[in-house]
Amino acid sequence: MGNPLVLASGIWGTSGLLLVRAAKSGAGAVTSKSCSLQPREGHKNPTIVLLDGYVLNAVGLSNPGAKTEVEELAEAKKGCLKEGVPVIASIFARSVEEFAQAAQIVMEAKPDAIELNMSCPNVGSEGRMFACVSEDAAKVVVAVKNVCSVPVFAKLTPNVTDIVEVAKAVEEAGADGIVAINTMPGMLIDAKARRPILSNREGGLSGAALKPIALRAVYSVSREVEIPIIGTGGVMSGLDAVEMLMAGASAVGVGSAISYRKNALGEIRDELFAFMKENGYSKISGLKLQE
Amino acid sequence: MLPKECKISKVEDENQATKTIFVECKDKPQPGQFYMVWVPGVGQKPFSVAGVSPLRFSVCAVGEFSRKFASMKKGEKIWLFGPYGNFFEPQGKKIVAIGGGYGTGPMRYAARIAKKKGDEPIVVIGARSKDKLMKGETGVRTVFTTDDGSEGMKGNVVDALKKILQEEKIDEVYACGPEKMMGAVGKLCIEKKIKCQLLLERYMKCGFGMCGQCSIGEILVCFDGPVFDAKIVEHPEFGKFHRDCAGRKVLL
């Protein structure tokens with residue numbers, strides 16, 4: 001990777017060419033939108049609310065299904081290869097078996113890695129959140145590792161009693177990396193309408209407000225596992241990225257920032273490198289907390 | 001920003017299926033900008049601004065949401081997220097603003113603003129037949145076209161544009177309507193070397209560049225537009241398909 005920024009899953013991933021755009025505009029790696037075996041239309045609008053300081057979404061994992069997603073991924077892969085930017089294919093499923101099947105399908109597009117989205121808060125009763133129970137998370141990792149040859153990353157939720165326990169379980173199961181964190185469950189109500197704003201009533205919180213939660217999760221996990229972490233959650237600036245790396249991340253996910261800053265990826269990358277230069281850091285790995 | 005609660009102050013019939021809905025809202029967005037209109041319990045969709053003071057939207061009852069929106073009455077409320085997007089930036093004095101179907105709303109607004117500034121707009125409004133035409137803009141030169149000749153010039157808006165371009169010197173063309181119509185207008189303007197801006201419409205989940213649902217290849221209609229230079233018509237995906245709520249490509 002030319003820089004440690006990773007376009008987070010769910011942003012722009014609808015189109016392969018948009019992933020290429022993210023690669024051209026400053027991402028060191030890109031993640032596609034999570035796809036499932038069958039197409040999903042997601043929830044009705046409103047599905048995404050952008051406010052000062054945070055975003056709440058309940059898109060509901062809409063995607064065209066793994067078979068169609070392969071075409072988008074192949075297009076992304078073709079364009080990103082020219083930029084030297086790896087493509088991470090994100091998958092979601094309702095069962096361990098379906099995770100393995102979806103992984104096999106997206107592998108046709110030759111992604112550089114697979115992200116297991118086992119922590120989306122927006123699917124309600126359709127599927128349990130595998131990342132809530134260590135054993136379940138581990139089973140998904142084992143099943144997917146059995147069918148694919150590329151690195152597998154487990155995306156975890158902070159909304160558990162102990163994220164470290166889940167992280168250790170996926171590491172032991174053979175995960176090659178961890179993406180921490182997914183959004184936090186939240187809700188918005190419009191008082192005058194006397195209704196939740198999101199049609200799904202609840203959604204996942206992202207954006208600046210998520211950063212302290214993400215920093216803490218990444219910090220705690222990094223002290224207990226050896227595998228690399230893509231620290232994701234609330235990174236809006238280069239300084240936020242520095243903090244995430246200091247917390248223990250090896251790479252930094254960028255998502256909601258895209259809607260707050262027209263050229264978020266390029267600017268965050270430049271700010272990160274400017275911070276390093278000004279403060280005498282020659283390597284990303286040098287960004288560490290004082291002992 | 002939290003959505004703004006707005007009361008409907010007036011509903012005007014444009015034709016059988018299309019209404020223009022006026023709301024009490026102090027915003028003064030530019031022609032081309034749009035809102036995500038939320039009708040609680042029904043849904044939320046993007047709508048281009050069809051005028052200000054009072055703010056208004058032209059709605060054609062085509063789907064579940066627009067049927068409900070178009071049937072709303074004075075005194076009922078809608079909620080607005082926005083305004084979002086870029087807007088028309090006039091690059092000449094003599095402007096032809098072409099509206100197809102409910103795309104006419106924002107075109108009349110653009111023409112009204114141009115007229116106020118002292119420019120010389122011409123509004124071209126087209127439909128299949130007389131009963132499907134939108135209304136003209138008072139005080140602005142207006143040309144109507146219908147495919148069957150039941151009102152105005154027989155033919156489509158592109159025929160009308162060709163005629164105008166033959167007869168007078170035009171600085172710039174704006175268009176909003178079905179993508180195929182905008183494609184034809186854009187191509188003609190590129191060929192004739194006339195500046196042209198197109199106001200695009202796509203299915204959206206967010207309206208501010210996150211979901212990617214409104215993509216035309218690497219371009220996002222909400223984030224990079226919705227107003228684009230005519231050269232967008234040369235994009236291999238333009239006029240071919242859009243993406244549905246699952247992100248599937250659907251032929252236009």
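**Exercise 1. Domains of chain B**

Which domains does the domain assignment of chain B give, and where do they run? Then work out what domain 1 puts up against domain 2.

*Solution.* A quick heads-up: we're working with a predicted model.
- Step 1: the assignment splits chain B into domain 1 (4-84), domain 2 (88-199) and domain 3 (202-252).
- Step 2: take the centres of domain 1 and domain 2 of chain B over C-alpha atoms, and you get a separation of 22 Å.
- Step 3: on to the contact, where domain 1 of chain B puts in 15 residues and domain 2 of chain B puts in 17 residues.
- Step 4: on the domain 1 side, strand 2 (18-23) and strand 5 (55-60) of chain B each bring at least two residues. Strand 5 of chain B has the largest share there, four residues.
- Step 5: sort that side of domain 1 by class and you find six nonpolar, eight polar and one charged residues.

**Exercise 2. Where chain A meets chain B**

How many residues does each chain give to the contact, and which elements of chain A take part?

*Solution.*
- Step 1: chain A supplies 31 residues and chain B supplies 26 residues.
- Step 2: on the chain A side, the elements giving two or more residues are helix 1 (16-24), strand 3 (48-51) and helix 8 (257-260).
- Step 3: helix 1 of chain A gives the most, with four residues.
- Step 4: by class, the side of chain A that touches chain B holds 14 nonpolar, ten polar and seven charged residues.

**Exercise 3. Two helix pairs in chain A**

Describe how helix 3 packs with helix 4, and helix 7 with helix 9, in chain A.

*Solution.* What do we need to describe two packed helices? The angle between their axes and the distance between the axes.
- Step 1: for helix 3 (residues 96-106) and helix 4 (residues 134-147) of chain A, the axes come within 8 Å and cross at roughly 30 degrees. That crossing of helix 3 and helix 4 of chain A is right-handed.
- Step 2: helix 3 of chain A uses A:Val96, A:Phe99, A:Ala100, A:Ala103 and A:Gln104, which meet helix 4 residues including A:Val140, A:Ala143 and A:Val147. The class tally for this contact is eight nonpolar, two polar and one charged residues.
- Step 3: helix 7 (residues 238-247) and helix 9 (residues 264-278) of chain A pack at about 65 degrees, with axes 7 Å apart. The crossing of helix 7 and helix 9 of chain A is right-handed too.
- Step 4: helix 7 of chain A makes the contact with A:Gly238, A:Leu239, A:Ala241 and A:Val242, while A:Ile268, A:Leu272 and A:Phe275 are among the residues from helix 9 of chain A. Here the tally is seven nonpolar, one polar and two charged residues.

**Exercise 4. Ser199 and Ile178 of chain A**

Is A:Ser199 buried or exposed? And what does A:Ile178 touch?

*Solution.*
- Step 1: locate A:Ser199, in the loop between strand 11 (195-196) and strand 12 (202-206) of chain A.
- Step 2: A:Ser199 counts as buried because it has 21 C-beta neighbours inside 10 Å, and the cut-off is 20 or more.
- Step 3: leaving out residues up to four places away in sequence, A:Ser199 touches A:His43, A:Lys44, A:Asn45, A:Pro46 and A:Thr47. A:Pro46 sits 153 residues away along the chain, yet the C-alpha atoms of A:Ser199 and A:Pro46 are separated by 5.7 Å.
- Step 4: now the largest nonpolar core, which has 184 residues; A:Val30, A:Val106 and A:Ile178 have the most contacts inside it.
- Step 5: setting aside neighbours within four places in sequence, A:Ile178 contacts residues including A:Phe153, A:Leu156, A:Val170, A:Val225 and A:Ile229.

Terms used
Residues numbered from 1 in each chain as written. Chains lettered and ligands numbered in written order. Predicted model: local features only at pLDDT ≥ 70, side-chain atom pairs only at ≥ 80, totals over all residues. Axes fitted to C-alpha atoms, helices over the stretch in contact; angles between N-to-C directions. Left-handed = near helix turned anticlockwise from the far one by under 90°. Contact = placed C-beta atoms within 7 Å. Nonpolar A, V, L, I, M, F, W, Y, C, P; charged D, E, K, R; others polar. Domains from an automatic or database assignment. Core = buried A, V, L, I, M, F, W, Y, C linked by C-beta atoms within 7 Å. Buried ≥ 20, exposed ≤ 12 C-beta atoms within 10 Å, placed from the backbone.
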